[in-house]
Number of protein chains: 2
Amino acid sequence: MPELRTDWLTGRTVLVAENRANRPNEFADELRSSNGEPASAAGAIASTVSDCPFCAGNESRTPPAVYTANDPSGRWRLRVVPNMYPAVGSEADQPTVHPLAEPAVGAHEVIIEAARHIDRMSLLSVTELQDVFVAYAERLRHWRSDGRFNYGLIFKNQGARAGASLAHVHSQLMALPGIPPAVERELQRAEQDFAEQGSCAYCRLIARELSDGRRIVVDRDGYVAFCPFASLQPCEVWLLPKAHEEAFEQMRSREFFQRLAGVLHAVIRKLESLVPGAAYNMLLRTAPWQSADGSGWHWRIELLPRLTSFAGLELATGVHINPLPPESAAGRLRDA
Amino acid sequence: MPELRTDWLTGRTVLVAENRANRPNEFADELRSSNGEPASAAGAIASTVSDCPFCAGNESRTPPAVYTANDPSGRWRLRVVPNMYPAVGSEADQPTVHPLAEPAVGAHEVIIEAARHIDRMSLLSVTELQDVFVAYAERLRHWRSDGRFNYGLIFKNQGARAGASLAHVHSQLMALPGIPPAVERELQRAEQDFAEQGSCAYCRLIARELSDGRRIVVDRDGYVAFCPFASLQPCEVWLLPKAHEEAFEQMRSREFFQRLAGVLHAVIRKLESLVPGAAYNMLLRTAPWQSADGSGWHWRIELLPRLTSFAGLELATGVHINPLPPESAAGRLRDA
């Protein structure tokens, strides 16, 4: 059973999940390589269907699907399966005995975004990307209505530097009983600001960014994408709906997913055109389910390219170094 | 002038330091490689004296030394130089205009730990490591007495995955006017605990770890090294003096540095024997200079191997996944 441990002095929380060590890692050679050892001549990424547990034909190598989207001929083109190596357990089978540890209960699923072996989100068609968003909303609604969980997160690790262990295009969902500390801090600030100002902090942020203009990457079809003022990394992009929408999973209309897929696809293509082969994380931050009424929140997607390493300063102080001002990054992305 | 920017919603702080983009990076090929592009055949690490700005003979390629340690023949064996590409500026030449930005003022130095071209701390002799600690204490005292700064940090990035851009063995010092947010949180907890309990929180942590025993790696010569209960990464090690010592730079006796060098050398050798070629960060956390009387703090060294990547979950929630329980890690390190 994975365990959630807290360090009471530093306040950090860690999921100690021994079963994660058993995951296959297609990038293992690559990672050894960046530690100074030679990479294997065979290359790092499984590129054959027979090796990849996420490819069509290898369904028996994952748990049964809990959700699928099919093409007109009835073949699946997207599957959601429970994670074989979950970082959280489905229920606490035994209590932990340490006062700073608790059983890490939650759900952990994998969204396999295509049946064919492709390794980048940009290689999905806009229609396929639309299916992906529909699946996100469906699975978030599923776990929200389960009742045991107060927070749902979708994230994607693309490329070994972003933490991926398999190359086949996929993302992950986690549902957790508590609101994680970093999210809690943002929620508190946003709700307090909403109470003081009487309007959504994110709506006002969008208005300020549009009025300033220097950090805007894309502004169309009801969405705005910009490089945040305090970007952690070069070319970080936030994408938000311009209308006030609290929870991503509240959205149901076909048109909503269509427009979103179109805009995100455009942003990703710009990013990959500017930094070919970039590793990045994508985070979908929907409103915490336990927030009073969710009105302090406004959902967003974050694209976080991994172009510089988190080093000693970041680890010691929480202060990040970004060598590319977001104003320059946005200009380059607009032109890409 | 680098700028310190704060995101008022997420609370994160970022040093936007454009000049950092001009740094030479010996690992650039390697990093491209782990993004999926081929590494150059030439290999990533400058291994010839003529290429390396930190090697003896190339002193003109760095600013003049502000501190040196010499061998008996008068040749330097350790140099401290101002960082050519500082993440902070020496003084604010112009005010910033954004309410969430301020000029990032501070000192940023490089400690070149050997005159010969070696790329791992473990290749230093114990005597050389002792010189390194003497230099740390000397430079921390220098900046502390400068009066403009309230926090001093020493860190080392070893290997590309840990954020190093040059291979030649070195570490860095930063002195900052304010206490960084992550340090401030720990300081508040530690001081509150000291006030409530009437004794140092870290001294009691050491006593608990020694009594439990499962996470102890080394216990000798007045120091204890253990894998912390909420280790962020496999084989993370904290090293603390068993006696209550608040600030590292208060220590001056030759014997102090000798014993510390011996113990740290032993721990590093264990780590490198268990994980050959490991990339890691080393952090020296001394008491913040601005703390009331420093009595809430107790200095420590953290060794943080970079064996897993920070991925989407970590970035979104601040919760880390560690697949190796520290009890197992400590057992393996004891045996290594």
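What follows is a friendly chat about a predicted model with chains A and B.

Reader: Hi! Before I get attached to any detail, what kind of model is this?

Author: It is a predicted model, so please read everything below in that light.

Reader: Fair enough. How many helices and strands are there in chain A?

Author: Chain A has 7 helices and 14 strands.

Reader: And how does the radius of gyration of chain A fit with a compact globule?

Author: It agrees: a compact globule of 336 residues would be near 20 Å, and chain A has 20 Å. The C-alpha trace spans about 50 × 50 × 50 Å along the principal axes of chain A.

Reader: What share of the residues in chain A is buried?

Author: Buried residues make up 60% of the 336. As for what chain A exposes, that is about 12500 Å², with carbon and sulfur atoms supplying 50% of it.

Reader: What about contacts between residues 24 or more positions apart in chain A?

Author: Among contacts with a separation of 6 or more, such pairs account for 66%.

Reader: Switching to charges: how far apart are the mean positions of the positive and negative ones in chain A?

Author: They are 4 Å apart, taking the 35 positive and 40 negative charges of chain A.

Reader: Now the pair. What turn lays chain B on chain A?

Author: A turn of 180 degrees does it, with a shift of 0.0 Å along the axis and an RMSD of 0.0 Å. The two copies are thus related as by a two-fold rotation axis.

Reader: Nice. Through which surface do the copies meet?

Author: Through the same surface, because 100% of the interface residues of chain B are also interface residues in chain A.

Reader: I'm looking at helix α7 of chain B. Which of its residues are buried?

Author: In α7, residues 326–335 of chain B, the buried ones are Pro326(B), Glu327(B), Ala329(B), Ala330(B), Gly331(B) and Leu333(B).

Reader: What do those buried residues of α7(B) pack against?

Author: They pack against β1 (3–6) of chain A, together with β9 (216–220), β11 (237–241) and α5 (254–274) of chain B.

Reader: Last one, Pro82(A). Where is it found?

Author: Pro82(A) sits in strand β4 of chain A, residues 76–82. With a relative accessible area of 29%, Pro82(A) is partly exposed, because that value lies between the 20% and 50% cut-offs.

Reader: Which residues does Pro82(A) touch?

Author: Leaving out residues up to four places away in sequence, Pro82(A) touches Pro63(A), Pro64(A), Val66(A), His108(A) and Glu109(A). Pro72(A) is 10 residues from Pro82(A) in sequence and 25 Å from it in space, C-alpha to C-alpha.

Key
Residues are numbered from 1 along each chain as its sequence is written. Chains are lettered from A and ligands numbered from 1 in the order in which they are written. This is a predicted model: local features need pLDDT of at least 70, side-chain atom pairs count only at pLDDT 80 or more; totals for chains, interfaces and linings use all residues. Side-chain values use heavy atoms; hydrogens and water are left out. Helices (H or I, at least four residues) and strands (E, at least two) are DSSP runs, numbered from the N terminus. Buried means under 20% relative accessible area, exposed over 50%, partly exposed in between (1.4 Å probe, protein chains only). Contact means heavy atoms within 4.5 Å. Copies are superposed by least squares on the C-alpha atoms of residues with pLDDT of at least 70 in both. The radius of gyration is taken over C-alpha atoms; the globule rule is 2.2 Å times the number of residues to the power 0.38. Accessible areas come from the Shrake-Rupley method with a 1.4 Å probe; for residues, only the protein chains shown count as cover. Lys and Arg count as positive and Asp and Glu as negative; His and the chain ends are not counted. The place of a charge is taken as NZ of Lys, CZ of Arg, CG of Asp or CD of Glu.
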